[in-house]
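Pull the model up in your viewer and keep the sequence handy. We'll walk through it together, from the whole chain down to single residues.

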Amino acid sequence: MTEKTILRALKGEVLPTPPIWMMRQAGRYLPEYRATRAQAGDFLKLCYNPELAAEVTLQPIRRYGFDAAILFADILLLPQALGPELWFETGEGPRMQTTTTMAEVQALKPSHAIHDTLAPVYETVRRLSRDLPRETTLIGFAGAPWTVATYMIAGRGSKDQGAAHALKNTDRAAFAALIDRITEATVLYLSEQVKAGAEVVKLFDSWAGSLKGEDFTEFAVKPAARIIAELKTLHPGLPVIAFPREAGQGYIGFAQATGADCVAIDNSVSPEWAAAHVQVSGCVQGNLSPEHMVTGGDDLVRETRRVVEAFRKGPHIFNLGHGITPDADPENVALMIETVRRG
Ligand SMILES: Cc1c2[nH]c(c1CCC(=O)O)Cc1[nH]c(c(CCC(=O)O)c1C)Cc1[nH]c(c(CCC(=O)O)c1C)Cc1[nH]c(c(C)c1CCC(=O)O)C2
């Protein structure tokens, strides 16, 4: 069998048609997802139910034939496994018991204890590696330490990550200890996903854009570099995708600085800019605006072609610049895929 297209792109191969998958491809825009989520009871029960989590992971593969499946789980399961309570407020988003002092950081469970809570996630990965079509790549993931820390510190999502910035500036030792703990646990978590069958892992640093200057180096680049180095020691040749969302100029050289094989690009930068400044040094993933999955039509076709064209000369994995939203039309996803594959 020839190697899977996503693995070829991650090795730097330029393919005539870019492989394609979509962030949040298993999600509320799909009626079959909503049905399985209702069957599970709620979102967290779905994440911890290997049979149903594998089912929702497979749904977009059956419907669209994406080149990759991403494990269905959430970046907040890892901090939950370290002890803090996690729940989701309907219509609002995640809530988490806060961790804001050195004493609270030290009271977190030891990193190796995460496997007790996360065992069902590994079981989902095992099922997927058995049940996915042979041409489909299985992607595991975790949140990057900074992004995970923003939720642990604030106890919820926020627009400016103010609470995490405040702790970073007022109690550097506690903040750095928290980042270290998450970093260490993330290596164990991702390594276990790889042992269960994940072929690629992706680090989601959704709030990397709010780290500036030395903070970006210290808390976006360095933790990612450590996670990637340790993972590659444990699993030689493991491909890693890093997503320092809205990093802007920080995208330049990010792959080299962290050891990532591919940098995922959000849609706040143009594909032409990303091709000239980021793809010059390796594989990129992205970066169609998720809005087109809502609005569709000629704009979707034109902008999809534009992304494909901009990245045509280098290694590229087609994706959105961020997750597809619940109000997206499933027909628009089909149109995007057809446009990527047929031109
Ligand atoms: C910040 C973050 C979270 N989770 C994630 C991030 C980083 C990526 C990003 O920036 O989007 C990552 C994530 N969340 C989910 C996945 C699964 C894989 C995928 O389909 O991409 C992944 C990779 C499922 C999910 N995670 C969540 C859903 C929706 C849950 C539902 O069914 O109601 C899904 C499918 C819930 C979630 N989880 C999180 C939030 C803020 C929310 C609420 C927002 C919302 O409701 O859309 C935390």
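What follows is a tour of the fold, its sheet, a few helices and two loop residues.

First, a caveat: this is a predicted model. Start zoomed out. The protein chain contains 16 helices and nine strands. Its C-alpha trace spans about 55 × 45 × 40 Å along the principal axes. How does the radius of gyration sit with a compact globule? For 343 residues you'd expect a value near 20 Å, and the protein chain has 19 Å, so the two agree. Of those 343 residues, 49% count as buried. Sequence separation is worth a look too: among contacts between residues at least 6 apart in sequence, 73% join residues at least 24 apart.

Now for the sheet. Seven strands make up an open sheet, and if you step across it the order reads β1-β4-β5-β6-β7-β8-β9, with parallel pairing. Why is one side of β1 and of β9 left without a neighbour in the sheet? These two strands stand at the edges and each has a single partner strand, so there is nothing in the sheet on the other side. Neighbouring strands of this sheet are turned against each other by 25 degrees on average, ignoring direction.

Let's stay at one of those edges. Strand β9 covers residues 316–320, and β8, residues 283–288, pairs with β9 in the parallel sense over five bridges. To see the register, pick out Val284, whose bridge partner in β9 is His316, and then Gln285, whose partner is Ile317. Is β9 enclosed or open to the outside? Five of its five residues are buried, so the strand is largely enclosed by the rest of the structure. The general background here is that side chains in a regular strand alternate between the two faces of the sheet. In β9, His316, Phe318 and Leu320 lie on one side while Ile317 and Asn319 lie on the other, and with all of them buried, both faces are covered.

There's another bit of strand pairing to find. Strand β2, residues 86–89, pairs with β3 in the antiparallel sense over four bridges. Glu89 stands opposite Gly93 in β3. The two strands form a hairpin with three residues between them, and Gly91 in the turn has a positive phi of about 75 degrees.

Next, turn to helix α4, residues 50–64. Its 15 residues should span 21 Å at 1.5 Å a residue, and the end C-alpha atoms are 22 Å apart, so the length agrees with expectation. Where does α4 bend? Look at Leu58, where the bend is about 25 degrees; a proline, Pro60, follows within four residues. The buried residues of this helix run through Ala53, Ala54, Glu55, Val56, Thr57, Leu58, Gln59, Pro60 and Ile61. They pack against α2 (31–40), α3 (43–47), β1 (68–70) and α7 (114–131), and β1 is one of the edge strands we met in the sheet. After α4 comes Gly65, which has a positive phi near 65 degrees.

For another helix, try α16, residues 330–342. From first C-alpha to last, its 13 residues reach 18 Å, close to the 18 Å expected at 1.5 Å a residue. Gly343 follows α16, and its phi is positive, near 85 degrees.

Finally, two loop residues. Gln97 sits in the loop between β3 (93–96) and α6 (102–106). Because Gln97 has 14 C-beta neighbours inside 10 Å, it counts as partly exposed. Setting aside neighbours within four places in sequence, Gln97 is in contact with Pro84, Glu85 and Gly155. If you'd like a distance to check against α4, the C-alpha atoms of Gln97 and Thr57 are separated by 28 Å, with their positions 40 residues apart along the chain.

The other one is Val269, in the loop between β7 (262–264) and α13 (271–277). With 19 other C-beta atoms within 10 Å, Val269 is partly exposed; the cut-off for buried is 20 or more. Leaving out neighbours within four places in sequence, Val269 touches Gly248 and Ala274 by the contact criterion. Val269 and Ser281 are 12 residues apart in sequence, and their C-alpha atoms are 17 Å apart in space.

Notes: Residues numbered from 1 in each chain as written. Predicted model: local features only at pLDDT ≥ 70, side-chain atom pairs only at ≥ 80, totals over all residues. Expected span 1.5 Å × (residues − 1). Bend = angle between axes of the 7 residues up to and from the residue. Buried ≥ 20, exposed ≤ 12 C-beta atoms within 10 Å, placed from the backbone. Contact = placed C-beta atoms within 7 Å. Pairing = 2+ DSSP bridges. Rg over C-alpha atoms; globule rule 2.2 N^0.38 Å. Axes fitted to C-alpha atoms, helices over the stretch in contact; angles between N-to-C directions.
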